[in-house]
Each structure stands twice: as structure tokens, then as C-alpha cells.
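Q: Please take a close look at the salt bridges in this model. I would like to know which side chains take part and what surrounds them.

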Amino acid sequence: WRNRMRTLMPIPPILVNKGPVMENVMEGDQVDLFKFPAPRYHEQDGGRYIGTASVTITKDPDSDWVNLGAYRVMVHDKDTLGFYISPGKQGRIHREKYFAAGQPCPVAISFGQDPLLFLIAGLAMPAGVCEYDIAGGVKGEPFEVVRGEVTGLPLPAHAEIVIEGESLPYESMVEGPFGEFTGYYGSAERPEPIIKVKRVLYRNNPIITGC
């Protein structure tokens, strides 16, 4: 590992036409997030959290920079998710750029993917650096991605579940609290932006990873 880190060279992802995540597809009115048994982890949690070890994918509206971040994701209803991003995080910066322009922010989220993607998504990378590239460099080969039909974002081809949708400016719902890994509730319930889910890709008998 020490030798690999000294000589790490980023390897961009490779676009493929299909992958295991495309075994099943829900679109439009078919979308039903209640199909997946998202748990309530702690007794004071504000809801059911499908995303605790998930990877949120966004793109800078002013460039080709794609960011992968690890942010918590709560189920509001069958086609609506809440996602809390701490101030200063790159996914939030992307979202705020879209909102400032009065535009919806395209978002994709992977639930259950190569653990390396989650680990790298949770690290602080310099602006403009894509976590797919760093994870590929660590792995020693490119990650396979499929192009999202709704968002155009690169989706992990071997994930268990991936949603595509858009976060809408001026629309929010109460999110939180959620018991954090530190052993306490890091934030109270408050209005946070939502994602209206347009498309869901998932494997047969998908497994949701929790953290």
C-alpha cells in the first residue's frame, strides 16, 4: 500500500454499454423506493436511511469535473429522497451553483458499490479531481461506468442500486436527525434539499450496504 501510494497514477473510468446494475429498471411512475428495505438505524433518527455507505455523483456545471461524495440519504416517499451535505463539501458546491442559476441539479446515487469507491468518496480531494480516477489508480485498473440516461452522469456499472434524478431549487423537506458514527446526533432535523427520482437501476436481489 505504501509503495502504491508513492507511485499512484490516476486511471479514469471506462464507459461500457451495460453492467449488472442494469438487470432491472424503474422509470417515471414505476419508481418506488419503498421496494428496498431501507432501515431506521437508531431510535431518534428522523426517518429511514437508504444511504449511509452510498456514493453521490454530481458534475460541476462549469466544467467536466465529476465528483463522488459520501453523504447521508433519507427516504421521504416512493420517489423523493433527502440528502444532507455538510457546508463546503464539493457536492454541495456543485448543487449551489445550479441553484444560484435557478436550475435543477442532476444527481445520481449508488447504494452498494465497490467499497473502494465509498472509501475514496469519503476523502477530501482537490477541486477538479475525480474520485473515479483516484480509485482506479488505487485498484490498478479503470472502474466500469454506464452513462445515465436521465443525468448523463457516469454510474458504477457493478453497483447494487443506482438512482438518477434532480435536486430542485427552492424545494426542501425536513431531514434528520441521524445518529452519526461518533456516537451522537450531529445535527437536528431541518429543511434540506430533496431529489426527485426519475430512474432506478438495480441488480436482482440487491444488497444495500450500511455504514
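A: A salt bridge here is a side-chain nitrogen of Lys or Arg within 4 Å of a carboxyl oxygen of Asp or Glu. By this rule the count comes to 11 salt bridges. The model is predicted, and side-chain atom pairs count only at pLDDT 80 or more. Side chains of opposite charge can pair when their charged atoms come close.

Take R72 and E175. These two side chains form a salt bridge in which the closest N and O atoms are 2.7 Å apart. The pair links distant parts of the chain, with R72 in strand β6 (residues 72–77) and E175 in strand β11, 103 residues apart. Both R72 and E175 are buried.

R72 also belongs to a pocket. The largest pocket has a volume of about 810 Å³. It is lined by 30 residues, and those closest to its centre are A70, Y71, R72, S86 and K89. Two elements, β5 (66–69) and α3 (115–121), give two or more residues to this lining. By class, the lining of the largest pocket divides into 15 nonpolar, 11 polar and four charged residues.

The strand that carries E175 has a partner. Strand β11 (residues 161–175) runs antiparallel to β8, and seven bridges join the two. Within this pairing, V107 has G165 of β11 as its bridge partner. Strand β8 (residues 105–111) is mostly covered, with six of its seven residues buried. β8 also pairs with strand β4 (residues 55–59), in the antiparallel sense and over three bridges. There, I57 stands opposite A108 of β8.

A second salt bridge joins the side chains of E160 and R203, at 3.9 Å from N to O. E160 lies in the loop between β10 (154–156) and β11, and R203 in the segment after β12 (190–202), so the pair ties together parts that are 43 residues apart in sequence. Buried means under 20% relative accessible area, and E160 has 16%, so E160 counts as buried. R203 has a relative accessible area of 22% and is therefore partly exposed.

A third salt bridge is formed by E192 and R190, whose closest N and O atoms are 3.1 Å apart. E192 is at 7% relative accessibility and so counts as buried. R190 has a relative accessible area of 31%, which makes this residue partly exposed. Elsewhere, salt bridges that share partners join E27, E149, E164 and R199 into one network.

Charged residues also appear in the second largest pocket, which has a volume of about 210 Å³. Its lining consists of P13, I14, L15, K59, D64, V66, C130, D133, V145, R147, G152 and P154. The elements that give two or more residues to this lining are β1 (14–15) and β9 (144–147). By class, the lining of the second largest pocket has seven nonpolar, one polar and four charged residues.

To return to the request, three of the pairs have been described in turn. R72 and E175 are both buried. In the pair of E160 and R203, E160 is buried and R203 is partly exposed. In the pair of E192 and R190, E192 is buried and R190 is partly exposed.

Notes
Residues numbered from 1 in each chain as written. Predicted model: local features only at pLDDT ≥ 70, side-chain atom pairs only at ≥ 80, totals over all residues. Heavy atoms only, no water. 1 Å grid on protein atoms, 1.4 Å probe; cavity = no way out; pocket = protein on both sides within 12 Å on 5 of 7 lines; lining within 4 Å. Points joined across faces, edges and corners; volume = space filled by probe spheres on them. Helix = DSSP H or I, 4+ residues; strand = E, 2+ residues; numbered from the N terminus. Nonpolar A, V, L, I, M, F, W, Y, C, P; charged D, E, K, R; others polar. Buried < 20%, exposed > 50% of the residue type's maximum accessible area, 1.4 Å probe, protein only. Pairing = 2+ DSSP bridges.
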